[in-house]
Amino acid sequence: MKNNSALFYTCSLIEFIGREQKLKRADVVKFLGAKTIAHIYAYADIFHCEPIAKTAADFIESHNIPQGTFDNIAACRYDVPDYWTIGEVYERLIEDICGDDEKIVIKILLEVYLSWIDDVISDYNTDFYYQSRDYIYECYKEKEICA
């Protein structure tokens, strides 16, 4: 299931909404809920035809996603990775966990975003998000940053 473009878009949209609303990505996932995330995933090819800012604004409004105080962009002391880059980090991790079982993508997406690794990926003052997909996957499996 490598290079799942629908998953890539879904994760990038979650990242975009998190940045717009200054929320941890786990909180964005909670506000959207599994049903909406499954809908975004199923129709990613259609949503992708619109500017991501418009799609994000539609979901922010329809789900009453509030403005928060988590601003990992302002806190970043280095070059800020774009939302597509971070979306790809999540996409690859979720793909690696799912293997070839596409039926569990949404379940695994929720597990990943609601786990400890969300805080680590969102810390742009580390190089974690630049690490290889194999390393990130191993850290996730071990439930800690591996030496």
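These are my notebook entries on what I looked up in this structure, which is a predicted model.

**Entry 1: the helix α4**

I began with α4, which runs over residues 52–62, and I asked which of its residues are buried. I found Ile52, Thr55, Ala56, Phe59 and Ile60 on that list. Looking down the axis of α4, I noted that these buried residues fall within an arc of 135°, so they line one face of the helix. I then looked for what covers the buried residues of α4, and the cover includes α1, α2 (25–42), α3 (44–47) and α5. Just after α4 I came to Asn64, which takes a positive phi of about 50°.

**Entry 2: Pro66, in the loop that follows**

Going on along the chain, I reached Pro66, which sits in the loop between α4 and α5, the latter covering residues 83–98. Is Pro66 buried, exposed or partly exposed? I wrote it down as partly exposed, because its relative accessible area is 34%, a value between the limits of 20% and 50%. Leaving aside residues up to four places away in sequence, I listed the residues that Pro66 touches as Gln21, Leu23 and Phe31. For Gln21 I also looked up the distance between C-alpha atoms, and I found 6.5 Å to Pro66, although the two residues are 45 apart along the chain.

**Entry 3: Lys22 and its partner**

I turned next to Lys22, whose place is in the loop between α1 and α2. Its phi is near 55°, which is a positive value in a residue other than glycine. At 29% relative accessibility, I counted Lys22 as partly exposed.

I then asked which residue forms a salt bridge with Lys22. The partner is Asp71, and the closest N and O atoms of the pair are 3.9 Å apart. That distance falls inside the 4 Å cut-off for a salt bridge, so I kept the pair in my notes. This salt bridge links distant parts of the chain, with Lys22 in the loop between α1 and α2 and Asp71 in the loop between α4 and α5, 49 residues apart. Asp71 also counts as partly exposed, in its case at 27% relative accessibility.

**Entry 4: other salt bridges**

As a reminder to myself, side chains of opposite charge can pair when their charged atoms come close. For this structure the count comes to 12 salt bridges, and I looked up some further examples.

Arg133 and Glu95 meet through their side chains in a salt bridge of 3.0 Å, taken from N to O. This pair, too, links distant parts of the chain, since Arg133 is in helix α8 and Glu95 is in helix α5, 38 residues apart. Which of the descriptions buried, exposed or partly exposed fits each partner? Arg133 counts as partly exposed at 22% relative accessibility, whereas Glu95 counts as buried at 3%. I also noted that Arg133 and Glu95 belong to a network of salt bridges in which Lys2 and Asp96 are linked with them.

A further pair is Glu111 and Lys107, whose closest N and O atoms are 2.8 Å apart in their salt bridge. Here both residues lie in helix α6 (residues 105–113), four residues apart, which is about one turn of the helix. I recorded Glu111 as partly exposed at 36% relative accessibility, and Lys107 as partly exposed with a relative accessible area of 49%.

**Entry 5: Asn4, before α1**

I went back to the segment before α1 (5–21), where Asn4 lies. Asn4 is buried, with a relative accessible area of 9%, which is under the 20% limit. Not counting residues up to four places away in sequence, Asn4 touches Tyr41, Glu91, Glu95 and Glu102. With Tyr41 there is also a polar contact of 2.8 Å, which joins the two side chains. Glu95 was already in my notes as the salt-bridge partner of Arg133.

**Entry 6: Lys143, after α8**

Last, I looked up Lys143, which is found in the segment after α8 (133–142). Its phi is positive, about 65°, although Lys143 is not a glycine. At 64% relative accessibility I counted Lys143 as exposed, because that value is over 50%.

How values were computed:
Residues numbered from 1 in each chain as written. Predicted model: local features only at pLDDT ≥ 70, side-chain atom pairs only at ≥ 80, totals over all residues. Heavy atoms only, no water. Helix = DSSP H or I, 4+ residues; strand = E, 2+ residues; numbered from the N terminus. Buried < 20%, exposed > 50% of the residue type's maximum accessible area, 1.4 Å probe, protein only. Contact = heavy atoms within 4.5 Å. Polar contact = N/O pair within 3.5 Å; in protein donor to acceptor, adjacent residues only side chain to side chain. Arc of directions from axis to C-beta.
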